Amino acid sequence: MTLQQEIVGTAMQMAVVNLHPGQTVYCEAGKFLFKTTNVTMETRLSGPSDNGGRQQSGGGGGGGMGGMLRQAMGTAMQVGQRVLAGESLAFQYFSAQGGQGTVGFAGVLPGEMRALELDGTRAWFAEKDAFVAAESTVEFGIAFQGGRTGMSGGEGFVLEKFTGHGTVILAGAGNFIDLNPADFGGRIEVDTGCVVAFEEGIQYGVQRVGGLNRQGIMNAVFGGEGLSLATLEGNGRVILQSLTIESLANALKKAQGGDKQGPTGGLFSTNVG
């Protein structure tokens, strides 16, 4: 059954989800807004693929102490991955009882939200903190980029991965734009903080801005982009955001008088807050 949801609002959007009896949706801790009284809420450490952390009875070889131990180890590994990725430790699960119910979710920054429909053929990858909520038929995972690529790109080290069937809701900062690198010669280069999500099949990497020459140093020091750009190659959907968390944080510091930038800005900014 398709998840009935509506994205409402402008500058700070939220998702209003209508749940049928028996339907379950889960969110990252801190993304819940409101619910009707017939919607139950339960906080668990396990992801939806673990059946809520509850051991199934019956089946071949899955029960008993060994099955419980494997279940506990699987949950511990999931939690460990989320800790390394800087994600919340737990998920909150919502289910409607005795009739249709309503639950609302939102991101944490002013910006847009997007509902993606997964059909089981392609996974989606998103920058960490983009995840808001998903059907219980969608599996949440962590994908680690290669150490060299991720370290040089900052935000690119850890990605959220979504597989399975159903609806997943993501949020970002500012406005969204949908692109396909295939429409631009097969490759686009963007600020590492502007990537919200992309389909499986898109090759994601990080490259240095210019060489270690005069122009490369000018780009890094005066351009405000740092030393790296994200690269997206292939044929598939890419979602970018117009506002980065870093630029928002810098603007707030500047407004509060906590970030004094000289004429060079960039690498030579000073923080006196």
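**Strands, cores and two buried loop residues**

Good morning. I begin with strand 18, residues 238–241, where Val238 and Leu240 point one way while Ile239 and Gln241 point the other way, and all of them are buried. In general terms, the side chains of a regular strand alternate between the two faces of the sheet. Please keep in mind throughout that what we are looking at is a predicted model.

Which strands pair with strand 18? Strand 13 pairs with strand 18 in the antiparallel sense, over four bridges. Within that pairing, isoleucine 177 has leucine 240 as its bridge partner in strand 18. Strand 15 also pairs with strand 18 in the antiparallel sense, here over three bridges. In this second pairing, phenylalanine 198 has valine 238 as its bridge partner in strand 18. For those new to the subject, strands of a sheet pair through backbone hydrogen bonds, either parallel or antiparallel.

Let me now step back to the whole chain. How many helices and strands does the protein chain contain? The secondary structure comes to four helices and 20 strands. The chain has 273 residues, and buried residues make up 42% of them. Its exposed area is about 13800 Å², of which carbon and sulfur atoms supply 55%. If we take contacts between residues at least 6 apart in sequence, 77% of them join residues at least 24 apart.

I turn next to two open sheets. The four-strand sheet has the order 1-2-7-4, with antiparallel pairing. Its edge strands are strand 1 (4–8) and strand 4 (32–35), and each of these pairs on one side only. From one strand to the next, the twist averages 20°. Strand 4 and strand 7 are joined in the antiparallel sense over three bridges, and phenylalanine 32 stands opposite phenylalanine 105 in strand 7.

The other open sheet has three strands in the order 14-17-16, again with antiparallel pairing. Why is one side of strand 14 and of strand 16 left without a neighbour in the sheet? Strand 14 and strand 16 (203–208) stand at the edges and each has a single partner strand, so one side of each lacks a neighbour there. The twist in this sheet averages 30° from one strand to the next. Strand 16 pairs with strand 17, residues 228–233, in the antiparallel sense over six bridges. One pair to find on your screens is glutamine 207 and leucine 229, since leucine 229 is the bridge partner of glutamine 207 in strand 17.

Now to the interior. In soluble globular proteins, nonpolar side chains tend to be buried together. The largest nonpolar core in this model has 21 residues, and those with the most contacts inside it are Tyr26, Phe131, Phe162 and Val168. Several elements give two or more residues to this core, including strand 6, strand 8 (113–119), strand 10 (131–135) and strand 15 (195–199). Which strand gives the most? Strand 12 does, with four residues. Valine 168 is a useful residue to examine: apart from its neighbours within four places in sequence, valine 168 is in contact with residues that include Arg114, Leu116, Phe131, Val138 and Phe162. There is also a second, separate core of 16 residues, among them Ala15, Val39, Phe94 and Ala133.

I close with two loop residues. Glycine 99 is in the loop between strand 6 (91–96) and strand 7 (101–106). Is glycine 99 buried or exposed? Its relative accessibility is 19%; the cut-off for buried is under 20%, so glycine 99 counts as buried. Beyond its neighbours within four places in sequence, glycine 99 is in contact with Leu19, Pro21 and Asn38. Glycine 99 and proline 21 are 78 residues apart in sequence, yet their C-alpha atoms are 5.4 Å apart in space.

The second residue is asparagine 180, in the loop between strand 13 (176–179) and strand 14 (187–190). Asparagine 180 is also buried, with a relative accessible area of 17%. What does its side chain reach? The side chain of asparagine 180 reaches the backbone nitrogen of alanine 182 at 2.9 Å, and also makes a polar contact of 2.8 Å with the side chain of asparagine 235. Not counting residues up to four places away in sequence, asparagine 180 touches Gly234, Asn235 and Gly236.

Thank you for your attention.

How values were computed. Residues numbered from 1 in each chain as written. Predicted model: local features only at pLDDT ≥ 70, side-chain atom pairs only at ≥ 80, totals over all residues. Heavy atoms only, no water. Buried < 20%, exposed > 50% of the residue type's maximum accessible area, 1.4 Å probe, protein only. Contact = heavy atoms within 4.5 Å. Core = buried A, V, L, I, M, F, W, Y, C linked by side-chain atoms within 4.5 Å. Areas by Shrake-Rupley, 256 points an atom, 1.4 Å probe, with all protein chains shown as cover. Polar contact = N/O pair within 3.5 Å; in protein donor to acceptor, adjacent residues only side chain to side chain. Pairing = 2+ DSSP bridges. Axes fitted to C-alpha atoms, helices over the stretch in contact; angles between N-to-C directions.
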